[in-house]
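Student: I've got a protein–DNA model to look through and I'd like to talk it over step by step. Can we start once it's on screen?

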Protein chains: 2
Amino acid sequence: MNSKKVYKSCLDNCPLAYALNIIDGKWRLPIIWALNKNKIMRYNELKRDIDGITNMMLTQTSKELESYGIIDRKQYMEIPPRVEYSLTESGQDLIVALKELANWGKNMQSNDKLSDMG
Amino acid sequence: MNSKKVYKSCLDNCPLAYALNIIDGKWRLPIIWALNKNKIMRYNELKRDIDGITNMMLTQTSKELESYGIIDRKQYMEIPPRVEYSLTESGQDLIVALKELANWGKNMQSNDKLSDMG
DNA sequence: CAGTATCCGAGTCGATACTG
DNA sequence: CAGTATCGACTCGGATACTG
């Protein structure tokens, strides 16, 4: 067991580990989120929208998400090049599940604030 | 922006980032999961249950989860020492949200298998 | 426009040994 | 029993420069 995340050690039998592995990575959610809002985006649109991301990271992360079946990449054979990214159906289903987690997070945050005020 | 996870940069305003930050870490889910199954566990019970965890990591991670309000730590002033860990209510709510994500993961996994078979 | 290539730093985790 | 302390390794991501 040398991998950083334990869930990589049980990818085959644990669906939660599998899911978390897919969304794990600094830029994955930002990309997923941007595509959820704007539906279809070109490479440089994504880059402008996601604050601080480099070409390196955008290319790498979008490839990874594509390989997982989360996002779709359509390349048009034109000059200048045009590539459009969007969420797949699986990607859209993911959003639904994440909103549950976001809800829980929101409750946690407001509890924090209450206890801060003592 | 120097932190590894981008969600650390928006902890204040993004509930999803906040939630993911809490479950991020190699041993957090294993601990949460073990406590969800067994309800109340002592230190060495956890250690035996979670394959490969060291004292270092168990102590550190349980402290972190306690500080987030996910788990409860009860120390009994006895000799030999006894410490019991359990999930808080928030921790139990977290399980519910994670099950949604696990469900999504399960669908993803079975889609993978189908496409493997061609 | 939409990417690649290379090199490097920071943070996380593991191994091992020790303690009230 | 229930922890601490120290140090090193590995991986992820950042910065910068280049390309079809």
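Student: Is Glu78(B) buried, partly exposed or exposed?

Tutor: This is a predicted model, so the label rests on computed coordinates. Buried would need under 20% relative accessible area and exposed over 50%. Glu78(B) comes out at 36%, so the class is partly exposed.

Student: Which side chain does the side chain of Glu78(B) make a polar contact with?

Tutor: Start from the location: Glu78(B) sits in the loop between strand 2 (71-76) and strand 3 (82-87) of chain B. Its side chain has a polar contact at 2.9 Å, and the partner is the side chain of Arg82(B).

Student: Over in chain A, is Ser86(A) buried or exposed?

Tutor: Ser86(A) is part of strand 3 of chain A. Leaving out residues up to four places away in sequence, Ser86(A) touches Leu35(A), Lys39(A), Ile40(A), Ile70(A), Ile71(A) and Asp72(A). The cut-off for buried is under 20%. With a relative accessible area of 17%, Ser86(A) is therefore buried.

Student: What relation do chain A and chain B have?

Tutor: Superposing chain A on chain B takes a rotation of 180 degrees with 0.0 Å of shift along the axis, and the RMSD is 0.1 Å. Those numbers are why the relation is that of a two-fold axis. The same surface serves both copies, as the share of chain A contact residues that recur in chain B is 100%.

Student: On to the DNA. Which element gives the most to the surface near DNA strand C?

Tutor: DNA strand C is surrounded by 21 residues, and the closest are Thr59(A), Lys63(A), Arg73(A), Tyr85(A) and Lys26(B). Of the strand C atoms that come within 4 Å of the protein, 71% are sugar and phosphate. With 4 residues, the top contributor is helix 4 of chain A.

Student: How far is a polar side-chain atom of Lys26(B) from a phosphate oxygen of DNA strand C?

Tutor: There are several such pairs to look at. Arg73(A) places a polar side-chain atom 2.6 Å from a phosphate oxygen of DNA strand C, and a side-chain N or O atom of Trp27(B) is 2.8 Å from a phosphate oxygen of that strand. For Lys26(B), the distance from a polar side-chain atom to a phosphate oxygen is 2.4 Å.

Student: Now DNA strand D. What part of its atoms within 4 Å of the protein belongs to sugar or phosphate?

Tutor: Here too, 21 residues surround the strand, with Lys26(A), Thr59(B), Lys63(B), Arg73(B) and Tyr85(B) the closest. Bases make up the rest of the atoms within 4 Å of the protein, and sugar or phosphate accounts for 70%.

Student: Which residue has a polar backbone atom 3.0 Å from a sugar or linking oxygen of DNA strand D?

Tutor: Set the side-chain pairs aside: polar side-chain atoms of Lys63(B) and Tyr85(B) lie 2.7 Å and 2.5 Å from phosphate oxygens of DNA strand D. The backbone pair, at 3.0 Å from a sugar or linking oxygen, belongs to Pro81(B).

Student: How many charged residues does the surface near DNA strand D have?

Tutor: The largest share of that surface, 4 residues, comes from helix 4 of chain B. By class, the surface near DNA strand D has 10 nonpolar and 4 polar residues, and the charged count is 7.

Definitions and conventions:
Residues are numbered from 1 along each chain as its sequence is written. Chains are lettered from A and ligands numbered from 1 in the order in which they are written. This is a predicted model: local features need pLDDT of at least 70, side-chain atom pairs count only at pLDDT 80 or more; totals for chains, interfaces and linings use all residues. Side-chain values use heavy atoms; hydrogens and water are left out. Copies are superposed by least squares on the C-alpha atoms of residues with pLDDT of at least 70 in both. Contact means heavy atoms within 4.5 Å. A residue is near a molecule or strand if one of its heavy atoms lies within 4 Å of it. A polar contact is a pair of N or O atoms within 3.5 Å; within protein, one must be able to donate a hydrogen and the other to accept it, and residues adjacent in sequence count only if both atoms are side-chain atoms. Helices (H or I, at least four residues) and strands (E, at least two) are DSSP runs, numbered from the N terminus. Buried means under 20% relative accessible area, exposed over 50%, partly exposed in between (1.4 Å probe, protein chains only). Ala, Val, Leu, Ile, Met, Phe, Trp, Tyr, Cys and Pro count as nonpolar, Asp, Glu, Lys and Arg as charged, and the others, Gly among them, as polar.
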